[in-house]
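Work through the exercises below with the structure open beside you. Each task is followed by a solution in steps.

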Amino acid sequence: MRDRRSRAIRSKAAPLAAYALAVTLVAAGATPAYAAVDTERPTAPGPITVVAIDTTSVELTWAASTDNVGVVRYPVGAQFEDSGAQYSTDTNSIRITNLRPSRTYTFSVWALDAAGNSSVSNPTLRLTMPPGDDQPPSAPGQPVAYDVAATVVGLRWAHSVENVALDRYEVFRVDAGGTLTRVREVYQYPPVNSAQISGLAPNTTYTFVVRARDEVGHLSPLSAPVTVTTLPPPPSCAVRSVVRQWPDGFVAHLVVENTGSTIIDGWTMTWRFWASQQVQGIWGAKVVDRLNNSYLRVSNTGRNAVVPPGGTVSLGLVATGTQLPEEITLNGGLCTVADE
C-alpha cells in the first residue's frame, strides 16, 4: 500500500518538475525567439576631419553614430581613381598608412550595428596627400620598333629611373617642324615599357619619342627618337596547296600568287602550326619563328623575294602532326586557299 502511494506522489510531481525546468531554461537562455528583431539603422557618422597627415599616412576622425542597440564598427574606404582599399575600426577614428604622396584619395566612413544594419548616409572626404617627390624621372631609353606592319608599329624602351613612383609613359609622334602629337599613354601600374601604335598609314615613315611622368606630375626629358617605316598595304594573295599525309605527318607544296596590283618585294608568311608539331624540312622559304606556339612564320629566300602582280612563288614543307597549313597570311594579308 505504501509503495503504491509513493508512486502516485511521484507521478503527480513529474509535470511540476518539467514546468520548473522549462521556466529555468527560458530565464537563463538568450533572447526568446519571439523577441523583436533589430532593424533600425545607425545614424550617419559626422563629417570626416583630418587629425594628422604626412606624405604617406593620414589620421581621420568623425562624430560617432548613435544606434538603438549599439554601433559595433566603422568600415572606412580609401579610393584612388579606379582602385581602392577598405579598413575597419571600432572607434570613431583611424590611422591609414602606406598611402602615396600627391595622390588624391576619397575617404568614406559608415556605421554598422550588431545586426548588420548600415548607417543611412555616409560622409566622404576628398583629400590630396602632401607631395613627397621633388625629382623628375630620367629620360626613357631610345624606343626600338618591332612587329612593324602596314598600320601598326610596336615600340619598346628601357625604363626611366624614378625616385618614388612612375605614373605613366607618354608616346609622341614627331611631326614636321618638330611638333609633338601624343599618340599613346601607358597607364598600367607599374607602367609597362612598351606600346602598340595603331591607326598609321601604310608605307609611311614616322618618328616617335617617349616621355615619363611620375605621380606628382614631374616630366622626364624626351627619349632619343626612333624612325620607322610602315609596310605597304597587305597584298591580295591566293594559295594552291598539294598535300600528302600519313598518320603523323605530311608534306605540303604551296604555290602563292600575288593577286594584287602592286609588286611584292620581300615577304613573310604565317599559317596555323601547333606547338606539338615540328618542321622536318622546308624549301623555297626559311623559318623565322613560332608565334604564340600556334603559328609558324617563314620568309623569302634571297632568290624569291620579288613577286610581281600575277606572279607566283613556290615553297614546300615536311612536318609532323596532322594540322595542315591553313589561315595563311602573306605580309599580314589573309590569302584565299584552294586544295588541288
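**Exercise 1. Val318 and its strand**

Task: In this predicted model, find the strand that holds Val318, classify its exposure, and list its contacts beyond four places in sequence.

Solution.
- Step 1. Val318 sits in strand 24, which spans residues 312-320.
- Step 2. The relative accessible area of Val318 is 21%. Buried requires a value under 20%, and exposed a value over 50%. Val318 is therefore partly exposed.
- Step 3. Leave out residues up to four places away in sequence; Val318 then touches Trp246, Phe250, Val251, Gln278, Val279, Gln280, Gly281 and Trp283.
- Step 4. Now take a pair far apart in sequence. Val318 and Arg244 are separated by 74 residues along the chain, and their C-alpha atoms are 9.7 Å apart.

**Exercise 2. Partners of strand 24**

Task: Describe how strand 24 pairs with strand 17 and with strand 20.

Solution.
- Step 1. Strand 17 covers 249-258. Strand 17 and strand 24 run antiparallel, joined by nine bridges.
- Step 2. Fix the register with one pair: Gly249 has Thr320 as its bridge partner in strand 24.
- Step 3. Strand 20, residues 279-283, also pairs with strand 24 in the antiparallel sense, over four bridges.
- Step 4. Here Val279 is opposite Ala319 of strand 24.
- Step 5. Recall the general rule: strands of a sheet pair through backbone hydrogen bonds, either parallel or antiparallel.

**Exercise 3. The nonpolar cores**

Task: Which residues touch the most other members of the largest nonpolar core, and which strands each supply at least two of its residues?

Solution.
- Step 1. The largest nonpolar core has 22 residues. Those touching the most other members are Val256, Trp267, Met269, Trp271, Val298, Leu315 and Leu330.
- Step 2. At least two core residues come from each of strand 16 (237-246), strand 17, strand 19 (268-272), strand 22 (295-299) and strand 24.
- Step 3. Look at Leu330 in detail. Beyond four places in sequence, Leu330 touches Pro235, Cys237, Val256, Ile264, Trp267, Thr268, Met269 and Cys335.
- Step 4. There is also a second, separate core of 18 residues, and Val58, Ile94, Ile96 and Leu125 are among them.

**Exercise 4. Cavity and pocket**

Task: State the volume of the largest cavity and of the largest pocket, then identify lining residues for the cavity and the pocket.

Solution.
- Step 1. Across the whole structure, one cavity of 30 Å³ or more is found. The largest cavity holds about 30 Å³ of space.
- Step 2. Its lining consists of Val256, Glu257, Asn258, Ile264, Trp267, Val307, Val313 and Leu330. Strand 17 gives the largest share, three residues.
- Step 3. The largest pocket has a volume of about 430 Å³. It has 15 lining residues; Asp147, Val148, Ala149, Thr268 and Arg297 lie nearest its centre.
- Step 4. Strand 19, strand 21 (286-291) and strand 22 each supply at least two residues of the pocket lining. Strand 19 gives the most, with three.

**Exercise 5. Ser102 and strand 6**

Task: Is Ser102 buried or exposed, and which strands pair with strand 6?

Solution.
- Step 1. Ser102 lies in the loop between strand 5 (93-96) and strand 6 (104-109).
- Step 2. The relative accessibility of Ser102 is 18%, so Ser102 counts as buried.
- Step 3. Beyond four places in sequence, Ser102 is in contact with Thr128, Met129, Pro130, Pro131, Gly132, Glu215 and Val216.
- Step 4. Move on to strand 6. Strand 3 (residues 71-80) is joined to strand 6 by four bridges and runs antiparallel to it; Gln79 is opposite Thr106.
- Step 5. Strand 8 (residues 124-128) pairs with strand 6 over five bridges, again antiparallel. Phe107 is opposite Leu125 in strand 8.

**Exercise 6. A four-stranded sheet**

Task: Give the strand order of the open sheet that contains strands 11 and 12, and explain why one side of each edge strand has no neighbour in the sheet.

Solution.
- Step 1. The order is 12-11-14-15, with antiparallel pairing.
- Step 2. Strand 12 (180-186) and strand 15 (226-229) are at the edges. Each has a single partner strand, so one side of each lacks a neighbour in the sheet.
- Step 3. With direction ignored, neighbouring strands of this sheet are turned by 35° against each other on average.
- Step 4. Strand 11 (residues 166-174) pairs with strand 12 over six bridges, and Arg173 is opposite Thr181 in strand 12.

Terms used. Residues are numbered from 1 along each chain as its sequence is written. This is a predicted model: local features need pLDDT of at least 70, side-chain atom pairs count only at pLDDT 80 or more; totals for chains, interfaces and linings use all residues. Side-chain values use heavy atoms; hydrogens and water are left out. Two strands pair if DSSP finds at least two bridges between them. Axes are lines fitted to C-alpha atoms, for helices over the stretch in contact, and angles run from 0 to 180 degrees between N-to-C directions. A nonpolar core is a set of buried Ala, Val, Leu, Ile, Met, Phe, Trp, Tyr and Cys residues joined through side-chain atoms within 4.5 Å. Buried means under 20% relative accessible area, exposed over 50%, partly exposed in between (1.4 Å probe, protein chains only). Contact means heavy atoms within 4.5 Å. On a 1 Å grid over the protein atoms alone, a cavity is a set of points where a 1.4 Å probe fits but cannot get out, and a pocket is an open set with protein on both sides within 12 Å along at least five of seven lines; lining residues have an atom within 4 Å of a point. Grid points are joined across faces, edges and corners, and a volume is the space filled by probe spheres set on the points.
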